[in-house]
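The paragraphs that follow lead through one structure, beginning with its ligands and moving on to its cores. Please keep the sequence and the three-dimensional view at hand while reading.

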Amino acid sequence: MACHLVTGGAGFIGSCYVLQARRRGVRVITLDKLTYAGNPDNLAALREDPDHVFVRGDIGNAELVACLLATYRPDAVVNFAAESHVDRSIVDPDAFVRTNVLGTASLLRVVKDWWQALPAAAAADFRFLHVSTDEVYGALQPEDPPFRETTPYSPNSPYSASKAASDHFVRAFHETYGLPVLLTNCSNNYGPRQFPEKLIPLVIGNALDRKPLPVYGQGTNIRDWLHVEDHCAAIARVLEDGRIGRAYNVGGRAERANVDVVRAVCALLDEMAPSAAGPYADLITFVADRPGHDFRYAIDCTRIERELGWKPAHDFASGLRETVRWYLDNGPWLERVRSGEYRWWMEANYRHRGAGGAA
Ligand code: NAD
Ligand code: DAU
């Protein structure tokens with residue numbers, strides 16, 4: 001039975017990957033620190049599963065990682081663990097350096113030491129896949145071509161700078177030690193179980209509470225949206241057949257301006273959870289912009305399509321509809337994650353923007 005060590009597997013994308021991997025019959029060891037964004041409920045379906053092991057811990061804990069590698073002898077390490085929210089990186093960049101840069105470098109070093117001592121056949125089959133982002137490429141203007149794997153890195157936020165640094169370490173471990181690495185650089189994900197600091201679940205939660213829906217700047221910034229299940233399917237394809245040392249861009253070919261995404265969520269809520277107080281779009285509030293806000297991201301995913309035959313299964317309209325439905329059907333999940341630390345964050349990030357009461 002194949003075995004994957006999945007870091008950050010209690011987060012939004014990692015948990016989707018873990019659930020998919022178990023459906024494919026892969027044994028999974030999840031290593032997750034359970035920061036504010038990590039949620040054991042995301043893996044509740046695996047509580048009785050003997051082929052899923054959950055370990056609470058930090059990717060930067062070299063002793064723990066070495067012990068997990070020696071105990072479970074995974075065929076692959078899939079690294080999702082990261083601080084992932086751009087706005088938080090503006091408030092506290094150090095946390096991003098600790099996990100995304102130092103944590104990844106430590107993980108790589110421990111995995112490399114273990115991998116070097118494996119018998120030849122096991123060493124040849126092993127893969128280290130690092131999950132990265134399109135944000136490392138910087139910002140596009142409306143007429144620019146989409147990011148390719150050859151686009152030079154030009155990160156603009158502490159988050160994207162820390163992800164760029166981790167990508168460089170991953171490449172360096174391949175060039176220097178021959179570690180069989182793979183990278184994926186994906187666009188904005190949406191879907192079930194996303195922490196509601198991110199645009200789509202934040203808007204759904206605020207709308208249902210009849211609170212302002214904060215849109216940064218003019219709402220004209222553009223993101224390319226991909227359903228989380230399609231992202232995880234792409235990662236699985238890259239692990240299976242990706243060329244060692246290569247990066248693969250992953251995207252949905254679904255570029256949308258932020259305000260249009262927010263309006264689309266509002267229209268779905270009007271249909272599925274109509275409010276006597278009026279249309280949800282009435283709650284849209286333009287607020288102070290994100291400093292250094294990248295204008296546009298767009299992904300050219302020709303390489304993964306041509307080399308590996310990957311294509312997204314969801315289109316944005318039906319994927320967004322399913323996603324809104326999921327949050328409506330999972331009110332208790334949303335309520336649990338919106339207590340405690342979340343309240344502090346909403347106050348810290350929105351109060352000064354002029355959307356007083358966005359939380
Ligand atoms: P998330 O914030 O929902 O989850 C991150 C997970 O990592 C959490 O479970 C957290 O507890 C865990 N974690 C954080 N620090 C850790 C540490 N030091 N040791 C072990 N675990 C730790 O993030 P996400 O949206 O699921 O993103 C996962 C990965 O995908 C990240 O690397 C992110 O950069 C990348 N990515 C995200 C998107 C997106 O749209 N969300 C797009 C492209 C790439
Ligand atoms: O592109 C991939 C990246 O997508 C990932 O690497 C990141 O981990 C992930 O968080 C996401 O980053 P973004 O900054 O694009 O996602 P976020 O949901 O925070 O914001 C999406 C857009 O919406 C962005 O242009 C900022 C805007 N926005 C966001 C929030 C939270 C608002 O207008 N209002 C808001 O309240």
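Around ligand 2 there are 23 residues, and those that come nearest are Thr133, Asp134, Tyr159, Arg290 and Tyr350; the model in which they are seen is a predicted one. Two of the polar contacts of this ligand run through side chains: a polar side-chain atom of Thr133 lies 2.7 Å from an oxygen atom of ligand 2, and an N or O atom in the side chain of Arg290 is 2.6 Å from an oxygen atom of ligand 2. The backbone takes part as well, for a polar backbone atom of Pro214 is found 2.8 Å from a nitrogen atom of ligand 2. On its own, ligand 2 has 690 Å² of accessible area, and the protein covers 95% of it. Helix H3 (86-91) and strand E8 are the elements that give two or more residues to this shell, and the largest share, three residues, comes from E8. Sorted by character, the shell around ligand 2 holds nine nonpolar, seven polar and seven charged residues.

The other ligand can be read in the same order. Ligand 1 is surrounded by 28 residues, of which Ile13, Asp32, Ser84, Tyr159 and Lys163 are the closest. Tyr159 is thus named among the closest residues of ligand 1 and also among those that come nearest to ligand 2. Which side chain places an N or O atom 2.7 Å from an oxygen atom of ligand 1? It is the side chain of Lys163, while the backbone supplies further polar contacts, with a polar backbone atom of Ile59 at 3.0 Å from a nitrogen atom of ligand 1 and a backbone N or O atom of Leu34 at 3.4 Å from an oxygen atom of ligand 1. Of the 840 Å² of accessible area that ligand 1 has on its own, 97% is covered by the protein. At least two residues of its shell come from each of helix H1 (12-23), strand E5 (127-133), helix H6 (158-177) and strand E7 (188-190), and E5 gives the most, with three residues. The shell around ligand 1 divides into twelve nonpolar, twelve polar and four charged residues.

From the ligands the view can turn to the interior. The largest nonpolar core has 36 residues, and the members that touch the most others are Ile200, Leu213, Val262, Val265, Tyr280, Phe316 and Val324. Helix H7 (199-208), strand E8 (213-216), helix H9 (258-272), strand E12 (284-287), helix H11 (316-329), helix H12 (331-337) and helix H13 (341-350) each contribute at least two residues to this core, with H9 giving the most, seven residues. Strand E8 therefore appears in two settings, since it supplies at least two residues of this core and three residues of the shell around ligand 2. Val324 shows how members of this region meet, for apart from residues up to four places away in sequence it touches Ile204, Val265, Leu268, Leu269 and Met272. Apart from this core lies another, of 35 residues, among them Tyr17, Leu34, Cys232 and Leu308. Leu34, a member of that other core, also has a backbone N or O atom 3.4 Å from an oxygen atom of ligand 1.

A last stop is the loop between H12 and H13, where Arg338 is found. Is Arg338 buried or exposed? Arg338 counts as buried because its relative accessible area is 10%, and buried means under 20%. Leaving aside neighbours within four places in sequence, Arg338 is in contact with Pro196, Gly205, Asn206, Asp209 and Arg343.

Conventions
Residues numbered from 1 in each chain as written. Chains lettered and ligands numbered in written order. Predicted model: local features only at pLDDT ≥ 70, side-chain atom pairs only at ≥ 80, totals over all residues. Heavy atoms only, no water. Core = buried A, V, L, I, M, F, W, Y, C linked by side-chain atoms within 4.5 Å. Buried < 20%, exposed > 50% of the residue type's maximum accessible area, 1.4 Å probe, protein only. Helix = DSSP H or I, 4+ residues; strand = E, 2+ residues; numbered from the N terminus. Contact = heavy atoms within 4.5 Å. Near = heavy atom within 4 Å. Polar contact = N/O pair within 3.5 Å; in protein donor to acceptor, adjacent residues only side chain to side chain. Areas by Shrake-Rupley, 256 points an atom, 1.4 Å probe, with all protein chains shown as cover. Nonpolar A, V, L, I, M, F, W, Y, C, P; charged D, E, K, R; others polar.
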